[in-house]
Amino acid sequence: MSAAPIKIAIRGLTKSFGEKHILRALDLDVRAGESLVVIGASGTGKSVLLKNIVGILTPDSGSIKIDGEEVVGVTGHARDRVNRKLGMLFQGAALFDSLPLWENVAFSLMSAHRIGRPEARKVAMECLKQVGLQKENAERFPADISVGAQKRVGLARAIASGPEILFFDEPTTGIDPVMGDVIDGLIVKCVKELGATALTITHDMESARRIGDRVAMIYEGKIVWVGDVDRIDSSDNEYVDQFINGSIDGPMSALIAGNEGR
Amino acid sequence: MRLLQAIGSVFLNFLTSTGRLALFTGLSVSHIVRPPFYPRLLLRQIIDIGYYSLPVVGLTAVFTGMVLALQSYSGFARFNAESAIATVVVLSITRELAPVLAGLMVAGRIGAAMAAEIGTMRVTEQIDALSTLSTNPYKYLVAPRLLAGFIMLPCCVLVADIIGVFGGYLISVHKLGFNPAVYLKNTWQFLEVIDVVSGLVKAGVFGFLIALMGCYHGYHSRGGAQGVGSATTNAVVSASILILASNYLITEAFFAQ
């Protein structure tokens, strides 16, 4: 595994919102073909990290390289070219509620890849099948299906264009544990079938253990521990120990108190 | 000292908002003329803005024309100038009332809907999703709406001109006892092309401004349902104010001696 090339290289990534410093010179590598899970408490910068990588936010400083190509500050067609390598499942699925499910899945095929509607529909139906949705659902709208089903459609949309890198933003948030298990299983299956690199952010340890090959712990905008998922229980890292045990006492107590006060 | 600080803060906020709006407008307009284009989305917006606004614009125009005829009659009868009613109705409708009232009605209907739709897309991360799907939100969401607003409000106003004049005709002929042929002759006699064209130019500008305000406030909405609500209100209020202000400027440009 260690011989695999670096797919995403992040160096000195810094992002602030006004006086609030979210990412503080964060360094992280994601190797090609691996599934890396970033864990951390709420408000530690997980989502901001992900949004900086996919180009939704622009970092204040630092470097993000995808396949060795710098993507910070890249806009327009060059950014679109980079984004064609990416697929993302959003926390709330972020499906377009004015479009039926199959058009949601086929969106990037028709819009960015300029594939005709009949062919894009075929691919969408195949992707919906892959995530366990029957073809009868294809014409329904996002508001007509459950949150769990929306996550499935979001996953189908993320994989539809066959991306090299998949991002998952809190994939099991807002759904019951059984559905969470199903979604995690689908994520693992899809990532393997595509041979993609995956970066997931979550605070759900069960999900992290199911999805990840490696785990990185983020705290106060920095990565404080990285290791293989099977080493997480013996990490000897006080932040990781407090997080996985769900303990109130520990080095993150100040952050927990701050979150409660919000 | 605090007063100065407060004034400075308001001024800086105003400059920031103006700059942000200018950037938004420039970027959006540039995407109208640069490929790829989304004709299906443009068609949908054309139907939404144009076709579905026709009933409300038509009703506004017919009642405005009727009221205008009645009011003109009660005023002009005092100095025996009833024959000028047809001319007053047609000039008022084509130059001012049809574009301004249609603009205000469409601002309430379409501007609010655009702000709510795009605002909801913003707070539910749908706009972020567009970016990750290699689709420019300006091109996909904003450009078709601006273009459709610019094209369709003049079409609505042209219909409103006809319906508004018809409203005045109805009251003048059937209630006030005017001769139909004479009324129509008076309507056409003093109507010039510039009267209609100035109204259509106004409508094009108003349509663009309505769509711009709806998209701008929706695109920058924050904070869930409350943010979307504020965006909707701001879109309607700012579009209405801009319609009235730009109406003066365009009138000045066309008719100032």
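This passage looks at a sheet and two helices of chain A in a predicted model. Residues are numbered from 1 along each chain as its sequence is written, and chains are lettered from A and ligands numbered from 1 in the order in which they are written. As the model is predicted, local features need pLDDT of at least 70 and side-chain atom pairs count only at pLDDT 80 or more, while totals for chains, interfaces and linings use all residues; side-chain values use heavy atoms, leaving out hydrogens and water.

Four strands of chain A (strands being DSSP runs of E, at least two residues, and helices runs of H or I, at least four, numbered from the N terminus) make an open antiparallel sheet in the order β2-β1-β4-β5. Its edges are β2 (20-31) and β5 (69-70), each with a single partner strand, so one side of each has no neighbour in the sheet. Strands pair if DSSP finds at least two bridges between them; β1 (residues 6-17) and β4 (residues 61-66) share five. In this pairing, A:Ala9 sits opposite A:Lys65 of β4(A).

Over in helix α5 (residues 117-130) of chain A, 14 residues reach 20 Å from first C-alpha to last, close to the 20 Å expected at 1.5 Å a residue (1.5 Å times one less than the number of residues). Its buried residues (under 20% relative accessible area; exposed is over 50%, partly exposed in between, with a 1.4 Å probe and protein chains only) are A:Ala120, A:Ala124, A:Cys127 and A:Leu128. The face turned away from that buried side carries the exposed A:Pro118, A:Glu119, A:Lys122 and A:Lys129. Just after α5(A), A:Gly132 takes a positive phi of about 85 degrees.
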